[in-house]
Amino acid sequence: MVKTFTVPFEEGLHARPATELVKICQNIQSDVVFKKNDMNVNPKSILGILTLEAKKGDQITVEIQGADEKEAMKKLEDYFTAK
Amino acid sequence: MLINEALIDMALDADTKEEVVRGLATLAYKDGKINDCEKYIEAVLNREAEYSTAVGFGIAIPHGKTEAVTEPFLGFGKVKEVDWNALDTKPVDLVFIIGVPKKDSGSLHLKLLAKLSRKLMNETFRDELRKAETKKDIIAILETVF
């Protein structure tokens, strides 16, 4: 499954939002890849997320492949669209 | 350069996260990067209280964005194993500290973290940092990053 989200966080994707994101992704069994421009990273690692340098308003394409991909995408959708 | 020898401690004597932050912040203060040491320390520790800045592999990147910072800087310290409430629960032995003036837009902060993170994902780079014995070695390694 592939979906694109916009970073909603004022400070960009680091700090507390990044920590929450890692926790969500570490509970996903499927393979997850985040893509921004020509970068592909593993969001199950904080370093991976920080590498993206994702600012507020940037678009991130999320690719999930595996048994729990549907529930996983829902969780990430909630994460990016909450509040 | 964001980092210089005055911002590096190759054997920081500290047992806790707070002591590490205080030690590195003091270096930045003496080097004129911060005009209010306590205020900076408070900003960094408040952030740490919300979530840990440990990034795995025994490395932490505490950071503070406050008006107490007069010039962006990067500090570095080698410590004995210190608990950093890391997600992977492992202690930390390498610490990078970042300071950015509050007036800077959010992007500098994010850019520094991204550049450093790209390098830190590389095991060879981490090994080089751990093997480095002098401040000059550290500067030489970090020059390839920024």
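**Helix packing and chain contacts in a predicted model**

The crossing of helices α1(B) and α2(B) is right-handed. This description, like everything that follows, comes from a predicted model. Two packed helices are described by the angle between their axes and the distance between the axes. For α1(B), which spans residues 17-30, and its partner α2(B), the angle is about 145° and the axes lie 10 Å apart.

A look at the residues helps to picture this pairing. On the α1(B) side, the contact is made by K17(B), E18(B), V21(B), R22(B), A25(B), T26(B) and Y29(B). Facing them from α2(B) are C37(B), E38(B), Y40(B), I41(B), V44(B), L45(B) and E48(B). Sorted by character, the residues of this helix-helix contact comprise eight nonpolar, five charged and one polar.

Helix α2(B) also takes part in the meeting of the two chains. Here, 19 residues of chain B are in contact with 18 residues of chain A. Together the chains bury about 1600 Å² between them, and 68% of this area is on carbon and sulfur atoms. Three residue pairs are in polar contact across the interface, with both partners at pLDDT 80 or more. On the side of chain B that touches chain A, the elements giving two or more residues are α2 (37-50), β2 (54-56) and α3 (106-120) of chain B. The largest share, nine residues, is supplied by α3(B). This side of chain B is made up of 10 nonpolar, five polar and four charged residues.

Charge plays a part in the picture as well. Side chains of opposite charge can pair when their charged atoms come close. Three salt bridges are found across the interface of chain B and chain A. A salt bridge joins the side chains of R47(B) and E11(A), with a distance of 3.2 Å from N to O.

Over all chains, a search of the whole structure gives 17 salt bridges. Within chain A, the side chains of E77(A) and K3(A) form a salt bridge at 2.9 Å, N to O. E77(A) sits in helix α3 (residues 69-81) of chain A and K3(A) in strand β1 (residues 2-6) of chain A, so this pair ties together parts that are 74 residues apart in sequence.

Terms used:
Residues numbered from 1 in each chain as written. Chains lettered and ligands numbered in written order. Predicted model: local features only at pLDDT ≥ 70, side-chain atom pairs only at ≥ 80, totals over all residues. Heavy atoms only, no water. Contact = heavy atoms within 4.5 Å. Buried area = accessible area lost by both parts, 1.4 Å probe. Salt bridge = Lys/Arg side-chain N within 4 Å of Asp/Glu carboxyl O. Polar contact = N/O pair within 3.5 Å; in protein donor to acceptor, adjacent residues only side chain to side chain. Helix = DSSP H or I, 4+ residues; strand = E, 2+ residues; numbered from the N terminus. Nonpolar A, V, L, I, M, F, W, Y, C, P; charged D, E, K, R; others polar. Axes fitted to C-alpha atoms, helices over the stretch in contact; angles between N-to-C directions. Left-handed = near helix turned anticlockwise from the far one by under 90°.
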